[in-house]
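Subject: Structure handover

Hello,

Here is the structure for you to take over. My notes follow below it.

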Amino acid sequence: MKMNEVLMAEDVLRPYGIRDIQAEKEALKVRCEVLGEPRDKEAVTELENRLLNEEEQLEKLEHEAQQQAEQVRYMEDYWKKLEQTHEIREKTLQWLDSLAGGTQMFLDEAVGTYVKAFVLSVTIFSPKHFRIHLYSSCRCLCTCFH
């Protein structure tokens, strides 16, 4: 989903229900002022409550749309960067396969020996959510999206 698709979806959710409630409320006001009908306080209160509820729902939907748009932007940037380094990863994998013991031996030794030189701690919250604390005082909070 592209950014403009999220915005279009948000526009579809715009306040048609809110407009209807506002129109009902305005109609009650006109009846009272123009036609001299007694003001139905209960009906006005109910409309105001419905209006407040609809506005809260709209605000929630707009916030969700904004979060989704941010995630889409993040993922698009991520995939662009990933595509830019694809060739380097391919060459690295070929080099690792050419080593004695292959990729698995390299990874076992790298994790066991070399990564420990830079990583102070790893906190795993779930299989796709973890934090890496580096010796440089940097804490990287990672979440994997699939």
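Which side chain does R50 meet in a salt bridge? The partner is E24, at 3.6 Å from N to O. Please keep in mind throughout that this is a predicted model.

**Overall layout**

The chain has 5 helices and 3 strands. Their order from the N terminus is α-α-α-α-α-β-β-β. Of the 146 residues in the chain, 14% are buried. The accessible surface of the chain is about 12,000 Å². Carbon and sulfur atoms account for 57% of that surface. I also looked at contacts between residues at least 6 apart in sequence. Of these, 35% join residues at least 24 apart.

**Salt bridges**

There are 4 salt bridges in the structure. The pair R50 and E24 links distant parts of the chain. R50 sits in helix 3 (residues 41-84). E24 sits in helix 2 (residues 16-33). The two are 26 residues apart.

How open are these two to solvent, buried, partly exposed or exposed? R50 has 33% relative accessibility, so it counts as partly exposed. E24 has a relative accessible area of 38%, so E24 is partly exposed as well.

A salt bridge also forms between the side chains of E48 and K25, at 3.3 Å from N to O. This pair, too, links distant parts of the chain. E48 belongs to helix 3 and K25 to helix 2, with their positions 23 residues apart in the count. E48 is partly exposed, with a relative accessible area of 36%. K25 is partly exposed at 31% relative accessibility.

K91 and E87 make a salt bridge at 3.4 Å, again N to O. Where do these two lie in the chain? Both are in helix 4 (residues 86-98). They are 4 residues apart there, so about one helical turn separates them. K91 counts as exposed, because its relative accessibility is 53%. E87 is exposed too, with a relative accessible area of 53%.

One network also turned up: salt bridges with shared partners join E24, E46 and R50.

**Nonpolar core**

Which residues make up the largest nonpolar core? There are 5 of them: I18, I21, L47, L51 and L58. Helix 2 and helix 3 each supply at least two residues of this core. Helix 3 gives the largest share, 3 residues.

I21 is worth viewing in the model. Leaving aside residues up to four places away in sequence, I21 touches L47, R50, L51 and E54. Two of those names come up elsewhere in this note: L47 is in the core with I21, and R50 is in the salt bridge with E24.

**Aromatic residues**

The structure holds 2 aromatic pairs. Y74 and Y78 form a stacked pair. Their centres are 6.4 Å apart, with 20° between the planes. Both residues are in helix 3, 4 residues apart, so they are separated by about one helical turn. Y74 is partly exposed at 46% relative accessibility. Y78 is partly exposed too, with a relative accessible area of 37%.

How are the rings of Y78 and W79 arranged, stacked or edge-to-face? That pair is edge-to-face. The centre-to-centre distance is 5.5 Å, and the planes make an angle of 80°. W79 counts as partly exposed, at 45% relative accessibility. Ring pairs thus link Y74, Y78 and W79 into a cluster.

**Nonpolar patch on the surface**

Which residues form a nonpolar patch on the surface? They are V30, V34 and L35. Together they have about 290 Å² of accessible area. V34 lies in the loop between helix 2 and helix 3. V34 has a relative accessible area of 61%, so this residue is exposed.

**Where to look**

For a quick tour, start with helix 2 and helix 3. They are linked by the salt bridge of R50 with E24 and by that of E48 with K25. They also both supply residues to the largest nonpolar core. Then go to Y74, Y78 and W79 for the ring cluster. Finish in helix 4 with K91 and E87.

Best wishes

Notes
Residues are numbered from 1 along each chain as its sequence is written. This is a predicted model: local features need pLDDT of at least 70, side-chain atom pairs count only at pLDDT 80 or more; totals for chains, interfaces and linings use all residues. Side-chain values use heavy atoms; hydrogens and water are left out. Buried means under 20% relative accessible area, exposed over 50%, partly exposed in between (1.4 Å probe, protein chains only). Patches are made of residues with over 30% relative accessible area and no salt bridge: like charges are joined within 9 Å, nonpolar side chains (Val, Leu, Ile, Met, Phe, Trp, Tyr) within 5 Å. Accessible areas come from the Shrake-Rupley method with a 1.4 Å probe; for residues, only the protein chains shown count as cover. Rings of Phe, Tyr and Trp (its six-membered ring) pair if their centres lie within 6.5 Å; planes under 30 degrees apart count as stacked, over 60 as edge-to-face and the rest as tilted. A nonpolar core is a set of buried Ala, Val, Leu, Ile, Met, Phe, Trp, Tyr and Cys residues joined through side-chain atoms within 4.5 Å. Contact means heavy atoms within 4.5 Å.
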